[in-house]
Amino acid sequence: MLVVYDRLGRFLRWNRDFERTTGYSAAELGSMTRLDLVPEPERPAFHEKMERLLSVGGEDAFEGRIRLKSGELRPFFLTGRRVDLDEGGCIIGVGIDSSARIKAQEAMQAAEQRYRRLFASSIAGIAILAPDGRIQAVNPSLCKTFAETEEAMTGARFIDSFAAADADAIERLFARARAGEPGSGEWPLRRVVNGKVDLRLSATSIGNDEVMVVVRDVTEHNAQQRKIARLERIRSMIGGIHSVMLRRTDRIPLLLEACRVAVYDGGFVFALAVDLDPVAGTPNMLAAEGTLEGGGRVIESLLQSTESPDAFSWSLLREGRPIIVNSMRSAAASERARGRLNEIGIRSGAAFPLRVDGQTNCVLILMSPEPHAFDDDEIELLTWMVDDLSYALEHLHTARRLERLTNFDPLTGLMNAGAFRKRLADLSVVAGERRWRISIGVIDLKGFSELNRQMGYAMGDHLLSAVADRLRTAMGEDSLVGRSGGDKFAVARLAATEAELDAFEDMVLAVFAQPFDVAGQSIALDAELGVARYPEQGGRYDIPIGLDHADAAVLLAKESGKRSVLYSSAATALRSRRTAMEAELRSALDHDEFTLVYQPKVDVVKGKMVGAEALLRWQHPERGLLSPAEFIEVAERSWLIVPIGAWVIRQVCAQQAAWRAQGLPIQPVAANVSAAQLGRGDLLGVVVEALRENALEPKWLELEITESAVMQDVAAATTTLRALRDFGISLALDDFGTGYSSLSQLKCLPFSRVKIDRSFVTEITTSVEDAAIAQAIIGIARSLGLTSVAEGVETAAQLNYLVQHQCDEIQGFYFSPPVDADKYAGYLRQDHKLALVRAQDDAQRRILVVDDEPSICKSLSRLLREEGYSVLIAHSGEQALESLAMQRVHVIISDQRMPGMSGTELLDKVKSLYPDVVRIILSGYTDIHVITDAVNRGSVFRFLTKPWDDDELLAVVRGAFVAARQAGAGESS
């Protein structure tokens with residue numbers, strides 16, 4: 001833009017760009033002056049410059065604005081030069097539009113301001129480094145990270161803040177950045193106020209060999225990543241230990257593999273399982289695994305030293321509380337123990353109690369090379385895992401206890417029949433290897449049933465125990481001794497010579513030569529003995545034949561009145577009798593002499609019948625109605641049980657069809673199946689044909705199979721049972737707990753019901769062992785999703801106890817004996833129900849007083865009722881157990897010396913059967929060792945003497961109710 005104006009500022013000449021830029025026409029410009037285009041505030045300065053230029057001459061420049069015709073003020077860079085075109089001179093002005101330059105400059109200033117604000121407010125630390133590595137500029141974030149002021153950092157060498165070992169690597173990073181290769185890396189800051197700080201450095205060249213370093217604090221991020229990795233290891237460890245729990249069936253192998261998984265999957269350097277000797281109080285290492293060289297020896301030596309209880313706080317662990325030590329330097333242990341652990345690289349550790357039956361069974365200890373390795377999240381996961389491991393140990397404990405209860409007679413401690421048979425098989429292997437023979441004896445106590453009735457069952461039990469003890473002593477360690485029935489025992493002994501074979505009978509019968517001393521009474525007892533020499537001369541080693549021969553011989557001894565019968569002399573008579581009965585059984589099948597009776601099964605929750613069990617009877621033409629006990633053994637031995645069993649199934653289906661035709665609401669009826677039917681008979685074919693012939697759905701037929709029948713050939717039985725299940729037949733496992741009781745097999749077999757044998761129900765309210773077995777079977781059934789059915793329920797107390805422990809169904813004389821088809825049809829027609837018996841449980845404070853002296857009971861009852869207690873009275877231990885089964889009791893006060901069952905014996909049973917009941921002994925006799933033993937076992941809460949002080953007795957009773965409430969609160973929590 002070019003313009004010429006005179007001294008007065010009038011425009012003389014201009015170019016077209018001047019018109020186009022200002023927006024004025026030539027005519028308008030001709031009447032205007034230069035000041036017309038200058039904004040009012042800038043006119044004085046502009047006029048002064050122009051006047052000086054006119055008077056002095058030369059050239060000058062001016063940055064200003066021009067008002068365009070549109071009113072816009074646009075910046076221009078103006079230059080002027082004086083020329084003498086006329087008198088007084090003129091000025092030639094050149095104007096350059098500077099708006100674009102000013103905008104660019106303003107943008108650059110704004111960008112610089114933004115950069116400065118970004119630099120100052122950046123969360124990341126930023127440093128600008130000179131070519132020599134010194135800090136030229138630093139933002140506040142970096143000052144905060146380095147804990148230095150800006151003044152202190154400016155001019156300092158950046159790498160001086162890092163360890164010498166890291167400085168070279170950082171310098172190489174900067175060198176690559178100056179060469180145009182930006183990069184990054186992580187290093188710890190050397191100067192730290194509070195703990196270790198990890199930094200991530202990113203270096204970028206900004207020209208002139210200067211480097212910009214962006215610094216990010218990744219300490220928390222790295223810690224979080226390490227935490228995530230650690231938790232992932234813990235989760236992997238939990239998965240591995242869960243797998244171990246499914247595979248291991250013994251306590252020590254389970255703990256050994258759990259420790260191995262903790263080390264190699266969980267990342268711990270050492271894991272060990274420890275239990276505490278209850279007598280010596282010293283810890284014992286059960287299992288251990290580790291990656292520290294020599295670590296096992298160090299830890300074991302610490303465990304065996306006197307310092308270890310302090311080191312691991314055993315008292316807290318016994319209470320069920322875990323111990324977490326996140327720094328060995330602060331551990332509650334001796335300086336020596338801390339030092340030894342630090343020496344081998346252990347910086348933190350944790351101990352978790354493994355609890356079985358509510359008590360600390362052992363302790364799992366985990367050790368880490370990192371301090372503070374156990375945070376809240378990790379502790380929560382480990383606690384969860386330890387709870388599962390405790391559950392697995394409790395399951396193993398229960399399984400072992402059940403195995404003990406099912407393989408050994410709880411009264412005498414001898415092997416039961418099933419265990420004796422298995423051990424006899426082992427003994428036969430030894431006999432076969434040595435070419436020796438075995439003497440097998442079955443002992444039946446003569447007149448024991450009558451003695452039992454006369455003396456009472458408690459004395460009878462003592463007598464059986466005394467016989468067992470004497471048999472065990474007389475036969476020696478190389479012999480087998482078992483209890484094969486109520487008053488029957490079995491013995492077996494290796495014989496290397498004929499003389500040893502001949503001495504066997506005298507050795508056994510000598511046991512009964514002297515009377516037995518039972519509870520201060522001298523009782524003479526004799527026995528009948530059946531003996532088999534096994535194998536017979538020229539025979540084979542055949543366990544069932546040898547044992548059965550001895551059993552048959554004792555039967556013959558009972559019939560003949562002899563004390564002892566050797567099988568070889570009785571075989572002909574026995575075989576003849578069996579042959580005759582076999583012929584009679586075949587005739588019974590041909591002449592339709594068998595009949596069925598039906599015993600109902602009842603749902604104990606609803607009180608309604610849910611089905612029945614069909615029971616076989618033989619209407620013998622001469623001997624009358626016979627139960628299976630009189631002929632079933634012969635039927636099974638002769639395999640006649642197969643057609644008899646098929647007849648039962650067909651008859652059950654036909655009867656069901658007949659009831660349905662009468663319009664009755666039929667329910668499933670169970671038929672019993674023998675081992676022979678399961679193994680040799682076409683059981684599935686028989687079932688399918690019977691249902692088809694009677695147009696009956698499979699759901700109306702149930703089959704009951706004993707566990708011993710299944711275990712004879714598990715593979716074949718499993719195939720048959722699964723085929724029946726797939727066809728729709730419901731299956732029940734009968735007499736569970738009396739035979740092999742193989743839990744590993746049970747869970748693989750398709751049963752829907754488990755039946756508790758009547759032998760465990762008869763004394764369920766008085767026998768701790770029977771109650772434990774019944775509860776275990778109910779628990780196993782529930783865990784496997786099976787229905788539990790109790791057989792032989794004959795009293796309200798038995799029913800109530802089973803209801804309390806969540807048994808599902810019962811059958812027995814309490815509801816109904818086996819009845820004929822017509823009477824059972826009446827049950828169906830009338831919807832016959834069970835009058836449910838519920839344990840009374842009111843809000844009163846109830847005390848059970850047990851004493852055989854009525855005057856004592858009356859005095860105590862009056863005293864306690866005046867204090868507002870509800871009082872029940874029992875005059876013997878048996879009556880007390882009956883009352884406990886029927887009614888809720890909080891406290892029991894028992895005399896010590898009572899006929900039949902003493903007070904401590906009673907309270908031992910109460911502790912096992914009803915652990916919530918608080919137990920007090922009140923006795924006029926100071927059997928101090930008996931009472932002390934009971935207190936130490938936890939069977940007795942307090943011991944009081946007769947005559948009692950009323951105030952003292954009431955104070956003890958009040959304390960007992962406080963303990964009862966605390967026990968109830970603990971259970972509910």
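At 6% relative accessibility, Tyr869 counts as buried (buried means under 20% relative accessible area, exposed over 50%, partly exposed in between, with a 1.4 Å probe and protein chains only). Phe961, at 5% relative accessibility, counts as buried too. The model is a predicted one, in which local features need pLDDT of at least 70 and side-chain atom pairs count only at pLDDT 80 or more, while totals for chains, interfaces and linings use all residues. Residues are numbered from 1 along each chain as its sequence is written, and side-chain values use heavy atoms, with hydrogens and water left out.

The structure holds 19 aromatic pairs. In one of them, the ring centres of Tyr869 and Phe961 are 5.0 Å apart and the planes are at 15°, so the pair is stacked. Rings of Phe, Tyr and Trp (its six-membered ring) pair if their centres lie within 6.5 Å; planes under 30 degrees apart count as stacked, over 60 as edge-to-face and the rest as tilted. Tyr869 lies in the loop between α32 and β33, and Phe961 in helix α36 (residues 950-972), so named because helices (H or I, at least four residues) and strands (E, at least two) are DSSP runs, numbered from the N terminus. The two residues are 92 residues apart, and their pair links distant parts of the chain. The ring of Phe961 also has the charged end of Arg845 over it, 6.0 Å from the ring centre. A charge sits over a ring if NZ of Lys or CZ of Arg is within 6 Å of the ring centre and within 35 degrees of the ring normal.

The loop that holds Tyr869 leads to a sheet. Five strands form this open sheet in the order β33-β32-β34-β35-β36, with parallel pairing; two strands pair if DSSP finds at least two bridges between them. The edge strands, β33 (870-874) and β36 (942-945), each pair on one side only. From one strand to the next, the twist averages 20°. Strand β34 (residues 891-895) and strand β35 (residues 918-923) pair in the parallel sense over five bridges, and Ile892 stands opposite Arg919 in β35.

Helix α32 (residues 854-866) lies across β32 (846-850), β33, β34 and β35, where contact means heavy atoms within 4.5 Å. The helix runs at about 170° to β33; axes are lines fitted to C-alpha atoms, for helices over the stretch in contact, and angles run from 0 to 180 degrees between N-to-C directions. After β36, in the loop between β36 and α36, comes Pro947. A cis peptide bond joins Lys946 and Pro947, with omega about -10°.

Other features involve rings and backbone angles elsewhere. Ring pairs link Tyr598, Trp659, Phe815, Tyr824 and Tyr827 into a cluster. The charged end of Arg470 sits over the ring of Phe516, 3.8 Å from its centre. Most residues other than glycine have a negative phi, and most peptide bonds are trans. Arg435, in the loop between α15 (417-434) and β16 (437-446), has a positive phi of about 60°. Arg435 is exposed, with a relative accessible area of 64%. Ala695 has a phi near 50° and is found in the loop between α24 (683-693) and β27 (701-706). With a relative accessible area of 57%, Ala695 is exposed.

Confidence remains to be described. The chain averages a pLDDT of 82, and 86% of the residues score at least 70; pLDDT is the predictor's confidence in each residue, from 0 to 100. Over residues 306-311, pLDDT stays under 50, and the model has 12 contacts beyond four places in sequence for them. Where pLDDT is low, the predicted coordinates should not be read in detail.
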